[in-house]
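Colleague: Before I plan around this protein, could you walk me through the model?

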Amino acid sequence: MKMNIFIIYQIDRSTVPKRPSVNSEKFTKMMDSLFQLSESVCCLWYIIPGLIIVGVFYDYISYKTLTSVSLKDKHVLITGGSSGIGKSFACEAARKGANVTLVARDKDKLKAAELEVKKCCIYASQRIFSCSVDVSGPYDRVEDSFADIEKDGGPIFMLTNFAGAAVCGVLEDTSPADIRKMLDLNCLGSIQTTRATIEGMKSRGEGHIILTSSLAGLFGIYGFCPYSAAKFALKGFAEALYMEVKHSGLKVTLAFPADVDTPGFAEEEKSKPKETRLICQSGGLFHPDVVARKILNDSLAGYFTSYIGLDGFLLTTLNAGMSQDYSFVRLLLQVFLTGPLRLVAVLYQLSFFRIIKKCREERNKSKKAE
Ligand SMILES: NC(=O)C1=CN([C@@H]2O[C@H](COP(=O)(O)OP(=O)(O)OC[C@H]3O[C@@H](n4cnc5c(N)ncnc54)[C@H](OP(=O)(O)O)[C@@H]3O)[C@@H](O)[C@H]2O)C=CC1
Ligand SMILES: CCCCCCCCCCCCCCCC(=O)[C@@H](N)CO
């Protein structure tokens with residue numbers, strides 16, 4: 001009986017057309033690969049956040065380590081060191097044990113600043129000097145003064161360019177002399193001091209160069225035509241310089257501060273068009289000590305760009321372009337945020353144009369009333 005059933009079954013199997021087994025094999029294979037894919041996707045869910053956490057942690061630890069170094073026996077030269085951000089920077093460098101040379105034009109202001117900086121020293125051996133130099137003057141004079149400074153204070157380890165100023169106003173109201181001054185002081189001045197220092201730094205295989213641009217060097221602002229032009233130019237200079245000196249072990253840092261509460265800022269406020277003030281207000285007002293500390297730390301950490309505040313972050317991220325910022329976190333944020341930030345920028349621009357339109361209407365109204 002059993003045998004019969006078996007035979008019938010065999011016959012049946014041979015008569016009933018076989019379901020093509022290829023399909024089921026394909027199906028199983030497909031399911032297998034789908035399963036494998038979902039497994040690897042699941043793995044990625046762990047790997048990507050894991051990598052990000054490791055990257056962030058690495059950035060944090062290396063920033064903390066590099067910024068906690070002592071500057072004992074290191075010579076820090078600060079142009080514009082008699083006032084504002086430059087003076088705060090000098091105090092911060094002195095607190096880290098550096099020998100400091102302040103450079104500016106006015107000798108009395110320099111002497112007064114020297115006394116302030118001396119109070120921040122932490123070692124009896126620290127030397128605080130000052131020297132009157134017009135950084136935008138003839139190059140030979142800048143070079144000779146820097147050679148004298150190095151003779152007295154030793155080779156420059158950190159060159160910090162803060163000498164600068166802003167004359168505000170719409171272009172037709174800006175005198176040709178002020179236009180030239182903006183470009184000479186804010187751009188040429190920093191190029192000249194760097195030119196006078198770079199050879200020595202390269203031969204020693206170490207050194208930091210800090211250049212001070214502004215958020216007005218990342219987007220053109222109403223009332224800042226020549227100033228913005230000079231600060232934009234510094235970005236090109238800094239990027240090219242970095243390419244030239246990276247392999248000699250030198251660090252270049254380009255700072256983009258928003259408004260900072262300094263004597264220079266108080267001065268520019270006097271002639272600032274309303275439009276400029278309203279646009280700049282959205283970037284906030286910072287204390288020079290906070291800005292100086294951030295710039296010094298960013299430079300010691302080897303960062304190419306230094307910014308402060310949310311708007312600083314947004315604008316430097318949006319404008320990263322070909323800038324040489326290789327921090328893991330920064331690169332990650334630049335990769336994911338540049339596109340969306342373009343939209344945010346358009347919204348900001350619309351609000352700025354609304355401000356300009358409003359101010360124009362107000363001015364026309366008051367003209368008519370007169
Ligand atoms: N304050 C702000 O809101 C912002 C400032 N910045 C930039 O930061 C830098 C510092 O600004 P801040 O601290 O406000 O400036 P301050 O006006 O407070 O100080 C400027 C310093 O530069 C010196 N200086 C000016 N001209 C020359 C020159 N030809 N040669 C040598 N030294 C000179 C001044 O001394 P003396 O006159 O005696 O020569 C002074 O020590 C500038 O480059 C500025 O553009 C960027 C963004 C915002
Ligand atoms: C993604 C888009 C974000 C857009 C953010 C816009 C924020 C505008 C802030 C502008 C501040 C400009 C300060 C100039 C300071 C300066 O250089 C003078 N004080 C000179 O001394």
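Colleague: How many helices and strands are there in the protein chain?
Modeller: Please keep in mind that this is a predicted model. With that said, the protein chain has nine strands, and its helices number 12.

Colleague: What radius of gyration does the protein chain have, set against a compact globule of 370 residues?
Modeller: The C-alpha atoms fill a box of roughly 120 × 65 × 35 Å along the principal axes, and 34% of the 370 residues count as buried. For a compact globule of 370 residues one would expect a radius of gyration near 21 Å, whereas the protein chain has 31 Å.

Colleague: In which order do the seven strands of the open sheet lie?
Modeller: The pairing in this open sheet is parallel. Strand S3 (128-132) and strand S9 (305-307) each have a single partner strand, so one side of each is left without a neighbour, and they stand at the edges. Neighbouring strands are turned by 20° against each other on average, direction ignored. Read from one edge to the other, the order is S3-S2-S1-S4-S5-S6-S9.

Colleague: Over how many bridges do strand S4 and strand S5 pair?
Modeller: Strand S4 covers residues 156-161 and strand S5 covers residues 207-212, and within this pair Asn 161 stands opposite Leu 211 in S5. The two strands pair in the parallel sense, and the number of bridges is four.

Colleague: Which strands does helix H6 lie across?
Modeller: Helix H5 (residues 139-153) also packs on the sheet, where it touches S1, S2, S3 and S4 and makes about 165° with the direction of S3. Helix H6, for its part, runs at about 160° to S4, and the strands it lies across are S1, S4, S5 and S6 (250-256).

Colleague: Is Gly 200 buried, exposed or partly exposed?
Modeller: Gly 200 is found in helix H6, and, leaving aside residues up to four places away in sequence, it touches Glu 150, Pro 155 and Ile 156. A buried residue would need 20 or more other C-beta atoms within 10 Å, and an exposed one would have 12 or fewer. Because Gly 200 has 14 C-beta neighbours inside 10 Å, it counts as partly exposed.

Colleague: Which residues come nearest to ligand 1?
Modeller: The shell around ligand 1 has 13 nonpolar, 14 polar and five charged residues. The elements that give two or more residues to this shell are helix H3 (84-95), helix H6 (176-204), strand S7 (259-260) and helix H8 (263-270). Of the 32 residues around the ligand, those that come nearest are Gly 80, Gly 84, Asp 106, Gly 164 and Gly 264.

Methods: Residues numbered from 1 in each chain as written. Chains lettered and ligands numbered in written order. Predicted model: local features only at pLDDT ≥ 70, side-chain atom pairs only at ≥ 80, totals over all residues. Near = placed C-beta within 6 Å. Nonpolar A, V, L, I, M, F, W, Y, C, P; charged D, E, K, R; others polar. Pairing = 2+ DSSP bridges. Axes fitted to C-alpha atoms, helices over the stretch in contact; angles between N-to-C directions. Contact = placed C-beta atoms within 7 Å. Rg over C-alpha atoms; globule rule 2.2 N^0.38 Å.
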